[in-house]
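These are my notebook entries on one structure. I record each item that I looked up, in the order in which I took it.

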Amino acid sequence: MAAPSIQVEQAPSVQYVLRLADTALILGQRLGEWCGHAPVLEEDIALANIALDLIGQSRALLTRAGQLEGKDHDEDQLAFLREERDYRNATIVELPNGPSRPGDFAFTVLRNAMMATWFRLLWERLRESSDAELAAIAGKAVKEARYHQQHSSDWVVRLGDGTDESARRLRAALDALWRYGAELFDSDAVDVAAAANGLGPRWADLREPWLAEMRELFDEAKLAMPADSAFRSTGKTGVHSEHMGYILADLQFLQRAYPGGAW
Amino acid sequence: MSELKSNPMRGQPADEAADEWPLWEVFVRSRSGLDHKHCGSLHAADAPMAIQLARDVYTRRQEGSSVWVVRSDQIVASDPADKDMYFDPMEDKVYRHPTFYQLPKEVDHM
């Protein structure tokens with residue numbers, strides 16, 4: 001018998017933590033797709049390491065979200081048994097690993113650089129969270145994010161300041177990705193509430209420092225800074241792109257088909 | 001070198017080898033106070049990439065607190081053909097081992 005979905009109580013604090021947890025989870029899942037397919041063996045391991053760091057962060061966050069919700073949902077139930085609309089990740093992480101073909105390395109390293117910079121800025125502030133558990137998770141995760149940022153930013157510079165072909169692919173990746181970054185810096189009732197009770201920063205507060213770091217990176221990578229986008233993706237409110245269902249099918253299949261399965 | 005290049009067992013045409021990232025040897029120190037130990041090699045385009053990939057490939061299970069990398073072609077090695085001449089003469093010179101002394105008990109781990 002297939003495992004039924006769980007319903008999640010969407011109090012603002014739960015949603016705030018779920019947004020982070022799901023953003024890490026889905027990016028980790030996407031990066032996991034590189035396993036065995038990266039351009040060189042060494043980078044294959046590097047990408048898998050980043051994916052595992054993200055999934056580790058997500059596990060800790062999902063556990064905390066379950067505790068805040070107070071309905072005894074554990075990390076596995078939250079990761080595997082929710083309906084699509086109850087996932088709160090930003091849309092940018094659910095996009096396939098390339099706009100026109102999967103396995104686009106430029107797209108992958110650019111998204112990683114954008115996301116790692118965002119996560120690092122967020123973790124730095126979450127170390128001061130009024131929630132001691134979240135602050136502790138941030139203390140560990142910030143070190144991981146720092147490395148993710150260094151590794152992926154190095155690749156962005158190598159490709160942007162590399163050959164004509166690598167620069168062209170990086171520009172194409174930026175064209176496809178940039179407008180999805182905007183969602184990471186819009187505030188709504190959820191993060192305004194989190195900022196008010198000290199749980200964590202408003203996402204809008206990360207915008208200026210993030211843009212400054214992106215500008216520095218793009219300068220070095222000889223990329224032109226794109227204009228602001230009017231487009232807004234809506235993954236963090238539960239309204240996802242057409243790609244989300246396919247990821248969830250991959251992610252959830254085992255727990256749905258074999259409830260409670262473990263090894 | 002010409003002999004190596006023509007050896008079919010190398011399995012790699014010379015022009016393809018030129019496209020490959022250079023090889024680096026990796027040395028990892030497991031804890032402060034211990035020395036760096038050779039643990040393997042990897043391909044990387046330059047030194048910063050080699051350090052990062054060494055970290056990713058060779059310290060995933062908490063093996064390291066410090067990493068060194070060095071271009072493999074910068075290592076000068078003894079010729080295997082010289083092995084007999086270089087190392088066999090030491091076989092019968094046990095008196096070079098400091099095993100004929102009584103060490104004071106306080107001197108551990110010599």
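**Entry 1. The sheet of chain B**

How many bridges join strand 1 of chain B to strand 3 of chain B, and in which direction do the two strands run relative to each other? I counted six bridges between strand 1 (residues 23-29) and strand 3 of chain B, and the two run antiparallel. I note at once that the model is predicted.

I then looked at the other side of strand 1. Six bridges also join strand 1 to strand 2 of chain B, again with the strands antiparallel. The three strands thus form an open sheet in the order 2-1-3, with antiparallel pairing. Strand 2 (37-43) and strand 3 (66-71) of chain B are the edge strands, and each pairs on one side only. From one strand to the next, the twist averages 30 degrees. As background, I wrote down that strands of a sheet pair through backbone hydrogen bonds, either parallel or antiparallel.

I looked up one partner on each side of strand 1. Val28(B) has Val67(B), in strand 3 of chain B, as its bridge partner. Leu23(B) stands opposite His43(B), which belongs to strand 2 of chain B.

**Entry 2. The two faces of strand 1**

Which side chains of strand 1 of chain B point to one face and are buried? I found that they are Trp24(B), Val26(B) and Val28(B). Leu23(B), Glu25(B), Phe27(B) and Arg29(B) point to the other face and are not buried. The general rule is that in a regular strand the side chains alternate between the two faces of the sheet.

Next I searched for a helix that lies across these strands. Helix 3 (residues 47-58) of chain B lies across strand 1, strand 2 and strand 3 of chain B, and runs at about 130 degrees to strand 3.

**Entry 3. Chain B as a whole**

I listed four helices and three strands in chain B. Read from the N terminus, the elements follow the order α-α-β-β-α-β-α. Chain B has 110 residues, of which 15% count as buried. Among its contacts with a separation of 6 or more, 44% are between residues 24 or more positions apart.

I also checked the confidence values. The average pLDDT of chain B is 83, and 82% of the residues score at least 70. Over residues 1-14 of chain B the pLDDT stays under 50, and the model has three contacts beyond four places in sequence for this stretch.

**Entry 4. Where the chains touch**

For the complex, the predictor gives an ipTM of 0.87 and a pTM of 0.89. I found seven residues from chain A and 10 residues from chain B in the contact. On the side of chain A, helix 2 (41-69) and helix 5 (132-160) are the elements that give two or more residues. Helix 2 of chain A gives the most, with four residues. By type, the chain A side divides into three nonpolar, two polar and two charged residues.

**Entry 5. The nonpolar core**

Which residues have the most contacts inside the largest nonpolar core? They are Val17(A) and Leu110(A), in a core of 84 residues. Helix 4 (residues 105-126) of chain A supplies the largest share of this core, 15 residues. Leaving aside neighbours within four places in sequence, I found Leu110(A) in contact with Val156(A), Leu170(A), Ala173(A), Leu174(A) and Leu177(A). In soluble globular proteins, nonpolar side chains tend to be buried together.

**Entry 6. Three single residues of chain A**

Most residues other than glycine have a negative phi. I therefore looked up two exceptions, and recorded for Asp72(A) a positive phi of about 65 degrees and for Lys222(A) one near 60 degrees.

Asp72(A) is found in the loop between helix 2 and helix 3 (75-80) of chain A. Is Asp72(A) buried or exposed? It is exposed, because 8 other C-beta atoms lie within 10 Å, and the limit for an exposed residue is 12 or fewer.

Lys222(A) lies in the loop between helix 8 (207-220) and helix 9 (244-257) of chain A. With 13 C-beta neighbours inside 10 Å, Lys222(A) counts as partly exposed.

Val192(A), in helix 7 (residues 189-196) of chain A, also counts as partly exposed because it has 13 C-beta neighbours inside 10 Å. Leaving aside neighbours within four places in sequence, Val192(A) is in contact with Ser187(A) and Arg202(A). The C-alpha atoms of Val192(A) and Pro12(A) are separated by 9.2 Å, although the residues are 180 apart along the chain.

Conventions:
Residues are numbered from 1 along each chain as its sequence is written. Chains are lettered from A and ligands numbered from 1 in the order in which they are written. This is a predicted model: local features need pLDDT of at least 70, side-chain atom pairs count only at pLDDT 80 or more; totals for chains, interfaces and linings use all residues. Two residues are in contact if their C-beta atoms, placed from the backbone, lie within 7 Å. Ala, Val, Leu, Ile, Met, Phe, Trp, Tyr, Cys and Pro count as nonpolar, Asp, Glu, Lys and Arg as charged, and the others, Gly among them, as polar. pLDDT is the predictor's confidence in each residue, from 0 to 100. A nonpolar core is a set of buried Ala, Val, Leu, Ile, Met, Phe, Trp, Tyr and Cys residues joined through C-beta atoms within 7 Å. A residue is buried if 20 or more other C-beta atoms lie within 10 Å of its own, exposed if 12 or fewer, and partly exposed in between; C-beta atoms are placed from the backbone. Two strands pair if DSSP finds at least two bridges between them. Axes are lines fitted to C-alpha atoms, for helices over the stretch in contact, and angles run from 0 to 180 degrees between N-to-C directions.
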